[in-house]
Amino acid sequence: MQSDRPTDTPSEQFGEEESTAHAPGQSSGCFPEAPRFEDIFSLEDIQRIQDAFAAAADVASVITTPEGHFLTKPSNFTALCRDIIRETPLGSANCARSDRSLGEACPQGPAVAKCLSGGLLDGATPIFFGKRHIATWFIGQVADESFDAAAGMAYAREIGADEDAFRRALEKVPRMSRERFGKVCTALYCFAEHLSAMALRNHQQSLLIDDLRQAQAELKTRDRNLADLIDFLPDPTMVVNAQGSVVFWNKAMEKLTGIAAVDMLGKSRFEYGEPFYGAPTPLLIDYARGAVGQPDARYVVADKNVDSIIAEVSVATLPRGPRHIWAKAVALRDDTGRITGGIEVIRDITDNQRADLALRESEEKFRRIVETANEGVWVLDAADKTAFVNRRMAAMLGCSAEEMPGSLVEPFLTEKSLPTVRAHLDKLRQGQTTVFEHELRAVTGAVLWVMVSASPLYDGSGRYIGALGMFTDITARKKIEEELAESSHRLEAEVEERTRDLRLQALELAEANIRLSELDRLKSAFLSTVSHELRTPLTSILGFAKLIGRDFNDQFLPLATGVPALEAKGRRIASNLAVVYGEAERLTRLINDVLDLNRIESGNMHWRDTRFNPLEVLGKAANSIKGLLSQRPEITFVLEMNEDVPEVRMDPDQLIQVVTNLLQNAVKFTREGTVRMTVRREGEAVELAIADSGIGIPPGELEAIFGKFHQVGRSDTMGETTKGTGLGLAICRQIVRHYGGRIWAESQLGQGSVFYVLLPGCDAAQAETPTTMATAKVRSPAAVDDCGVKTPDAARCGQKP
Ligand code: ADP
């Protein structure tokens with residue numbers, strides 16, 4: 001038996017053995033690991049047993065690995081072996097060889113042999129783990145009855161040991177019969193066998209314990225995960241165990257009920273019903289796990305089977321007030337089918353319910369709108385088959401809304417409309433909305449025109465599921481359009497014809513215009529020739545009539561004095577001469593007026609315009625009629641001139657002509673009374689008003705009197721004195737308009753008349769642009785003027801002809 005010290009690194013040596021230990025056939029195959037002796041046993045405990053055994057049996061003892069490395073410390077080793085033989089190199093080598101040989105024999109069973117070094121008796125027994133040899137337990141260093149002391153001393157000499165010390169040590173070596181040593185070895189073998197069995201058991205137990213620990217850890221993890229999972233659930237969730245105690249109360253449940261999990265966990269006897277009903281009440285979970293026979297009558301059960309139930313219920317005492325909730329409860333069972341508790345998930349569907357209600361109401365509303373709509377509604381599915389038509393659409397198609405679903409579009413189209421509708425259906429499939437018109441053929445065969453506004457329909461995932469079209473019956477409109485088109489065609493033809501006529505007329509007019517211009521030119525030439533030719537003899541007639549009258553009055557009439565017949569004849573001749581003179585004078589006035597008007601209208605009038613204060617010129621004009629007034633003493637003339645009048649720019653002679661003409665008319669058409677001329681400022685203009693208390697003018701003639709040759713027809717004619725030409729006012733209007741002014745009359749029949757003249761002052765006239773002036777001219781009353789031609793009467797105007 002060797003006396004090596006136990007190695008400090010036995011495991012490293014066993015480590016080298018591992019691969020062998022694990023080799024199939026050598027291992028028991030039951031163990032995933034190849035445990036070492038020191039993994040299975042407590043070396044401390046084994047050391048104590050080994051020490052006690054060695055002391056009790058009085059043998060030396062040590063346990064080594066199968067390779068011979070010490071696992072324990074040597075017990076009860078003899079001084080002979082430990083301090084003498086081993087201290088010599090040869091003794092030590094022999095010791096090792098002896099132990100090795102004993103150890104090699106060991107796996108087959110316990111072995112007893114004489115030590116190859118000192119001849120003492122040694123024994124060894126193997127310790128197994130299953131079938132694997134994991135340690136060898138050595139005992140020995142005893143001298144049996146066959147021990148030869150002399151041979152021992154000879155061995156001392158052989159190995160070079162101190163013989164005295166060898167002898168002394170040898171004397172102390174325990175003596176034991178071979179038989180007894182054999183019994184000790186058997187006892188050790190039994191113990192080692194027991195240790196081997198224990199090793200296996202120990203290891204199996206430790207594996208079991210490991211498995212158990214691992215299972216417990218996994219269970220804890222799973223519990224924690226489950227708790228997290230239930231907490232994570234968005235719906236309020238609770239779990240109770242077989243006893244009906246709350247084991248899970250997740251966060252959503254805390255939020256719904258306002259009760260924290262710590263306050264609810266462990267609660268039983270239906271206390272968890274309190275947040276919902278205000279008092280401990282069984283919940284759906286209690287029905288699912290079989291704790292109550294029937295679900296509460298308040299539940300509206302939607303689905304129920306052996307282990308689960310779904311129901312809705314209204315609860316009153318939740319923190320957010322009365323709520324409508326949906327709940328599902330399921331029984332939890334173990335592997336044997338025994339109910340181990342229950343789980344209940346709750347969903348607050350109050351808002352959903354309201355939304356559902358609102359949706360139903362809105363659907364109902366839209367259904368009614370669609371049903372009562374004036375437009376037809378036609379919904380097609382993705383295969384262009386009818387999914388829905390409203391009543392109006394069905395009426396257009398001539399069938400009932402119920403029989404339409406499933407039918408295709410084509411049978412309701414005319415040959416003309418088929419390609420149009422197909423093209424638009426393609427557009428809809430490509431996601432476009434379309435508006436178009438086409439013909440529809442009702443089942444009755446009637447053809448109607450419709451206008452369609454169509455849009456594609458998609459499902460929630462954006463897939464095309466069909467199209468919706470709004471149909472308006474436009475048959476009547478189409479008919480009107482056709483009629484309109486026809487009449488417009490007709491009109492166009494008529495207009496073309498009329499245009500052709502008008503063009504012809506325009507041509508004729510243009511030709512007539514040319515002819516008229518020529519005539520006008522001829523007329524002017526004629527007028528000037530004629531007037532010249534007339535004026536010369538007229539001047540002679542006037543001169544001679546005047547001369548004859550004067551001679552007749554001065555020389556012939558006195559001769560008839562005293563002869564009544566001659567006197568009467570003489571007065572008649574004088575009177576006739578006066579008529580000749582008067583008519584010749586009127587003819588002269590007429591010629592002058594005609595020429596004057598012709599000059600103005602043909603643009604040949606020579607206007608000698610100058611800027612002046614009108615008061616002086618108006619004063620002169622007033623003076624010019626004094627001669628006339630002197631013959632009419634029954635008329636009072638009043639002149640009122642306001643100093644503050646603006647200056648005017650015009651021909652002063654023309655102003656005199658206008659005023660003289662108006663004053664002569666006033667005197668002429670007044671039997672007695674007053675003729676009043678007023679001059680005043682009217683803004684930037686000068687206003688003249690010539691008022692008389694004469695015979696007046698009928699309202700219907702107030703405008704006409706400014707026309708050429710127009711004279712008011714009267715029954716109460718004022719005699720020869722009122723005879724005129726009817727051109728005076730026409731000339732006045734032409735002159736006033738030429739200067740951008742206005743002239744008009746107001747009158748009361750039988751009461752008198754007022755003639756107004758408004759002439760723009762210099763500042764106003766200068767300030768105005770030519771356009772404004774032109775506008776002013778257009779605004780003046782007589783767009784209706786159609787004037788003749790005449791020269792002013794010298795007598796009336798106070799001017800020479
Ligand atoms: P005439 O030479 O006839 O006076 P006018 O053109 O001056 O031509 O006048 C046209 C007509 O207007 C007159 O014939 C007369 O009937 C009417 N008329 C003009 N002024 C007055 C007036 N102050 N009172 C009444 N009638 C008037």
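**Ligand shell**

I started with the ligand in this predicted model. I counted 22 residues around the ligand, and the closest ones are Asn665, Lys668, Gln711, Thr725 and Leu729. Next I sorted the shell by residue type: eight are nonpolar, ten polar and four charged.

Which elements supply at least two residues of the shell each? I got helix H20 (652–668), helix H21 (728–738) and strand S22 (752–760). H20 gives the largest share, with four residues.

Then I went through the polar pairs. The side chain of Gln711 has an N or O atom 2.7 Å from an oxygen atom of the ligand. For Lys668, I read 2.9 Å between an N or O atom of its side chain and a ligand oxygen. With Asp692 the ligand partner is a nitrogen atom, and the distance to an N or O atom of the side chain is 2.9 Å. I also looked up the cover: of the 520 Å² of accessible area that the ligand has on its own, the protein covers 98%.

**H21**

H21 had come up in the shell, so I checked its burial. Ten of its eleven residues are buried, so the helix is largely enclosed by the rest of the structure. The buried list runs Gly728, Leu729, Ala730, Ile731, Cys732, Arg733, Gln734, Ile735, Val736 and Arg737. I noted that two arginines, Arg733 and Arg737, are on that list. Just after the helix, Gly740 has a positive phi of about 75°.

**Largest nonpolar core**

Where does the largest share of the largest nonpolar core come from? First the core itself: I found 54 residues in it. Those with the most contacts inside it are Leu655, Val659, Leu662, Val679, Ile705, Phe755 and Val757. The largest share, eight residues, comes from H20. H20 therefore turns up here as well as in the ligand shell, where it also has the largest share. For background, nonpolar side chains in soluble globular proteins tend to be buried together.

I picked Val679 for a contact list. Setting aside residues up to four places away in sequence, Val679 touches Leu615, Leu618, Glu640, Met641, Asn642, Val645, Val686, Glu687 and Leu688.

**H18**

Leu615 and Leu618 sent me to helix H18 (residues 614–624), where both are buried. The other buried residues I noted there are Pro614, Val617, Gly619, Ala621 and Ala622. At the start of H18, Asn613 puts a side-chain oxygen within 3.0 Å of the backbone nitrogen of Leu615.

**H17 and the loop after it**

Arg599 lies in helix H17 (residues 564–601). Is Arg599 buried or partly exposed? I put it down as partly exposed, because its relative accessible area is 33%. Its C-alpha is 8.7 Å from that of Ser524, though the two are 75 residues apart along the chain.

Asn604 sits in the loop between H17 and strand S16 (610–612). Asn604 is exposed, with a relative accessible area of 55%. I checked its C-alpha against that of Lys523, 81 residues apart along the chain, and got 14 Å.

**Positive phi outside glycine**

I looked up two cases. Asn76 has phi near 60°, a positive value, and is not a glycine. Its place is the loop between strand S1 (60–64) and helix H4 (79–85). At 39% relative accessibility, I count Asn76 as partly exposed.

Gln141 also has a positive phi, about 60°, without being a glycine. Gln141 is in strand S4 (residues 132–142). Is Gln141 buried or exposed? Its relative accessibility is 1%, so it counts as buried.

**Two buried spots elsewhere**

Ala288 is in helix H12 (residues 284–288). I logged it as buried, since its relative accessible area is 5%. Not counting residues up to four places away in sequence, Ala288 touches Val306, Asp307, Ile309, Ala329, Val330 and Ala331. The C-alpha atoms of Ala288 and Ser308 are 5.6 Å apart, with their positions 20 residues apart along the chain.

Thr434 is in strand S13 (residues 434–441). Thr434 is buried too, at 6% relative accessible area. Leaving out neighbours within four places in sequence, I listed its contacts as His424, Lys427, Leu428, Val452, Ser453 and Ala454.

Technical notes
Residues are numbered from 1 along each chain as its sequence is written. This is a predicted model: local features need pLDDT of at least 70, side-chain atom pairs count only at pLDDT 80 or more; totals for chains, interfaces and linings use all residues. Side-chain values use heavy atoms; hydrogens and water are left out. A residue is near a molecule or strand if one of its heavy atoms lies within 4 Å of it. A polar contact is a pair of N or O atoms within 3.5 Å; within protein, one must be able to donate a hydrogen and the other to accept it, and residues adjacent in sequence count only if both atoms are side-chain atoms. Accessible areas come from the Shrake-Rupley method with a 1.4 Å probe; for residues, only the protein chains shown count as cover. Ala, Val, Leu, Ile, Met, Phe, Trp, Tyr, Cys and Pro count as nonpolar, Asp, Glu, Lys and Arg as charged, and the others, Gly among them, as polar. A nonpolar core is a set of buried Ala, Val, Leu, Ile, Met, Phe, Trp, Tyr and Cys residues joined through side-chain atoms within 4.5 Å. Buried means under 20% relative accessible area, exposed over 50%, partly exposed in between (1.4 Å probe, protein chains only). Contact means heavy atoms within 4.5 Å.
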